[in-house]
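Hi everyone, thanks for making room for me today. I'd like to walk you through one structure, so please have the viewer open and follow along.

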Amino acid sequence: MTDKGDQRSDTHLEGEKYGTPRSYDPHFRGPVVNRSCTDVLCCMIFILFIMAYILLGLAAWVNGDPRRVAYPTDSQGYFCGQKGTPNENKSILFYFNLLTCTSPSVVVNLQCPTTQICVSKCPERFLTYMEIQFKYKNDSEYWTYYSQFCRTTFLKPAETLSQVLLDNDCPSAIYPSKPFLQRCFPDFSTKNGTLTVGNKTVFDDGSGKTRNAAELRRAANGINKALDARAIGVKVFEDYAMTWYWILIGLTIAMFLSWMFVMLLRFTAGLLFWIFTFGVIGIIAYGIWRCYLEYSRLQEQPSSRLNAYTIGIQTDISMYFRLKQTWFALMIILCLLELFIILMLIFLRNRIRISIALLKEGSKAIGYLPSTLIYPALTFFFLSVCISYWAVVALYLATSGAPIYKVIAPQGHCEHENKTCDPVGFNTTEIAKACPGAQCHFAFYGGKSLYHQYITTFQLLNLFVFLWLINFVIALGQCALAGAFASYYWALKKPDDIPPYPLFTAFGRAIRYHTGSLAFGSLILAIIQMFRLILEYLDKRLQEAQSNISKFLKCCLRCCFWCLEKAVKFLNRNAYVMMAIYGKNFCKSARDAFNLLMRNILKIAVMDRVTDFVLILGKILVAGCIGVLAFLLFTERLPVIIEGPTSLNYYWVPLLTVIIGSYIIAHGFFSVYAMCIETIFICFLEDLERNDGSAEKPYYMSQSLMKIMNKRNAETKKQ
């Protein structure tokens, strides 16, 4: 006669540590169908935020002007190249003195403290204002060419150089430049390893000083990198044009391989896990043997008496590997790690078997519900809509308002620096007299209305609602998938008892009844992520003013928020599973999920590690296989089998695109698989706690799981 205690699952035994399992509906036969709306208040708040978000987008659309980003803006705030304006035929921005772009003012306002005007073309030769004054007398063509880079039209260069610089009417010098991103930048080149600009290494800056190309390069360093990248960008575009169809073929194969891997896990999950495990044990054993050989070799050498105290602190780490104590310590550490792994395998072997069986069960569930593999495409569509709307609103908010001008001093030592100013008649004001050389330049777009005063607040609101929506879309997908896979698990006779269209039904239930609960869980996660982003922003802005203590506190806060976000994501995911099954609100579902997981903490730990290993291995396997095939194809090493694209500039461009794209596709497939495993695992634990195998309470788990758990249903017992 079987003892009653033997019939209790080890889940019940563990449950005694955390409290008795809650009472269950004895007639439970799957996810609850008769539901009511949960967390209605949060649902209403969520809808109000969405309505406010739409109104914010409309207000930004009315007040913003994205042309302010598309067209460069001169010092007066006018667009270059915009139709219907005096600058219609002047689409390129020209800097009077690019050498001033190394000024501290650039950091403050992201503007070079020099006059900027719109021109129709960039200068193509070296000329200074002083040269023009002499050459104009013999040939007026020089002044005709030079004057197109002046702000004011003159009949002749009558003003002195000092007066021209004071009035900012003309540049003191021009040098060969090329247009890039509608801006004139120096025409740099390298000859015999020497940097030149317009085939010259040194030139006159127009004020009597001799400058070299390296100084100009430092002034335009960041921009010059973009100039160097222009040629690369053209070549990359050519490579994509030649290989786009091969890239699509590779991504299609990656999709097929991902599906095949998920299906084959039903038969290979255990084999993959044990191969990996014994491989790790073998590698550690080899490390122990290697450490022992090195220790024995050093033991026989005359320098074996050396130790860490003898050599002291060394910057060359290789010095420590010449000590026998180092190899002995490594050998001890590896021995302890080897022993720990072996003991874990011995004592947790049953739980590992359960985890492998659940992996196989997940593959079987996806085989019965293939529509779940298409769901990531729907999630991707929703996420794309959210990201696009956020980007458009942020752009329109950033370009809202009228031009705002601020005082910029070349040396950054003016008491009026960064103050608002009026460019009309600025040179006659007290600020210009108090700060010689200061200029009134366009800074950004803004205004004095209530809307413009809260632009920063609106940007923060835009970011917060964006995070909320992103997390809501992910939560909706998790809840819908959990409902579909729970319908599979709680079908007593699979696949006959699986309800029709389980994914569509679960998605409808999640939207109709649990929008508020999903918004609640997403709100918690969005708040944490918002705090993390604000912390990162403050860290970037105050990086130079931080002390060692503040840096330490910052690292602690970042670590705490990272851990908190991971923990909330894990708890939310399991709460959505409980919500999909029982239809309770978020707090109750989170509480039930937490209690259930705590009663099975060892199973959770083992299950997570096994699942993580299999999924990571699958992603690497899919991306690696496609990467090898793409490498052989793009490097023309498969001419006998298939002829790929030839004459690529950078074969690694399509190669990396295929590898990264394959990994993303595999991640989309395996995210569904991970949700399937987690749902089946929660249902499995619930099954153990609520049922006993009798005719009234039969187990819903598969025969393989029953065999591992040594469980049987009443019908099986009679047979």
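Let me start with a question: what volume does the second largest cavity have? About 50 Å³. Before I go on, please keep in mind that this is a predicted model, and that the values I quote are computed from it.

Let's stay with the cavities for a moment. Searching the whole structure for cavities of 30 Å³ or more turns up 4. The second largest is lined by F96, N97, L99, S172, A173, Y175, F203, D204 and D205. If you sort that lining by character, you get 5 nonpolar residues, 2 polar and 2 charged.

Now, the largest cavity. Its volume is about 80 Å³. Around it you will find F94, Y95, F96, L98, A173, I174, Y175, S177, C184, F185 and P186. The lining here comes out as 10 nonpolar residues and 1 polar, with no charged ones. So to speak, the next thing to ask is: which strands each supply at least two residues of this lining? They are strand 1, at 92-95, strand 4, at 173-174, and strand 6, at 183-186. Strand 6 gives the most, with 3 residues.

Let's look at those strands, beginning with strand 1. Strand 1 pairs with strand 2, residues 116-119, in the antiparallel sense, over 4 bridges. Within that pairing, F94 stands opposite I117 of strand 2. As a reminder, side chains in a regular strand alternate between the two faces of the sheet. In strand 1 both faces are covered: I92 and F94 are buried on one side, and L93 and Y95 are buried on the other.

Zoom in on Y95, please, which sits in strand 1. Y95 has a relative accessible area of 12%, and counts as buried because the cut-off for that is under 20%. The C-alpha atom of Y95 is 4.7 Å from that of Q116, although the two residues are 21 apart along the chain. And Y95 is also one of the residues lining the largest cavity.

On to strand 6. Its antiparallel partner is strand 5, residues 177-180, and the two share 4 bridges. Where K178 is concerned, the bridge partner in strand 6 is F185. Strands 5 and 6 make a hairpin with 2 residues between them, and L181 in the turn has a positive phi of about 55°.

That brings me to backbone angles. Most residues other than glycine have a negative phi, and most peptide bonds are trans. Two more residues are worth a click here. D39 is not a glycine, yet has a positive phi of about 50°; you will find D39 in the loop between helix 2 (10-18) and helix 3 (40-63). Y501, also not a glycine, has a positive phi of about 50°, and lies in the loop between helix 17 (455-489) and helix 18 (502-513). Is Y501 buried or exposed? Exposed, with a relative accessible area of 66%.

Next, the aromatics. How many aromatic pairs does a search of the whole structure find? The count is 28. One of them is F531 with F561, which is stacked, at 5.9 Å centre to centre and 15° between the planes. F531 belongs to helix 19 (residues 515-541) and F561 to helix 20 (residues 548-582), so this pair ties together parts that are 30 residues apart in sequence. F531 itself is partly exposed, at 47% relative accessible area. Elsewhere, F46, F49, F464, W468 and F472 form one aromatic cluster.

There are rings with a charge over them, too. The charged end of R125 sits over the ring of Y145, 4.0 Å from the ring centre. For K584, the charged end sits over the ring of Y582, 6.0 Å from the centre.

One last stop: G362, in helix 13 (residues 349-368). With a relative accessibility of 0%, G362 counts as buried. Its C-alpha atom is 6.8 Å from that of Y673, while the two residues are 311 apart along the chain.

That's my tour. Thanks for listening, and I'm happy to go back to any of these views.

Definitions and conventions
Residues are numbered from 1 along each chain as its sequence is written. This is a predicted model: local features need pLDDT of at least 70, side-chain atom pairs count only at pLDDT 80 or more; totals for chains, interfaces and linings use all residues. Side-chain values use heavy atoms; hydrogens and water are left out. Rings of Phe, Tyr and Trp (its six-membered ring) pair if their centres lie within 6.5 Å; planes under 30 degrees apart count as stacked, over 60 as edge-to-face and the rest as tilted. Buried means under 20% relative accessible area, exposed over 50%, partly exposed in between (1.4 Å probe, protein chains only). A charge sits over a ring if NZ of Lys or CZ of Arg is within 6 Å of the ring centre and within 35 degrees of the ring normal. On a 1 Å grid over the protein atoms alone, a cavity is a set of points where a 1.4 Å probe fits but cannot get out, and a pocket is an open set with protein on both sides within 12 Å along at least five of seven lines; lining residues have an atom within 4 Å of a point. Grid points are joined across faces, edges and corners, and a volume is the space filled by probe spheres set on the points. Ala, Val, Leu, Ile, Met, Phe, Trp, Tyr, Cys and Pro count as nonpolar, Asp, Glu, Lys and Arg as charged, and the others, Gly among them, as polar. Two strands pair if DSSP finds at least two bridges between them.
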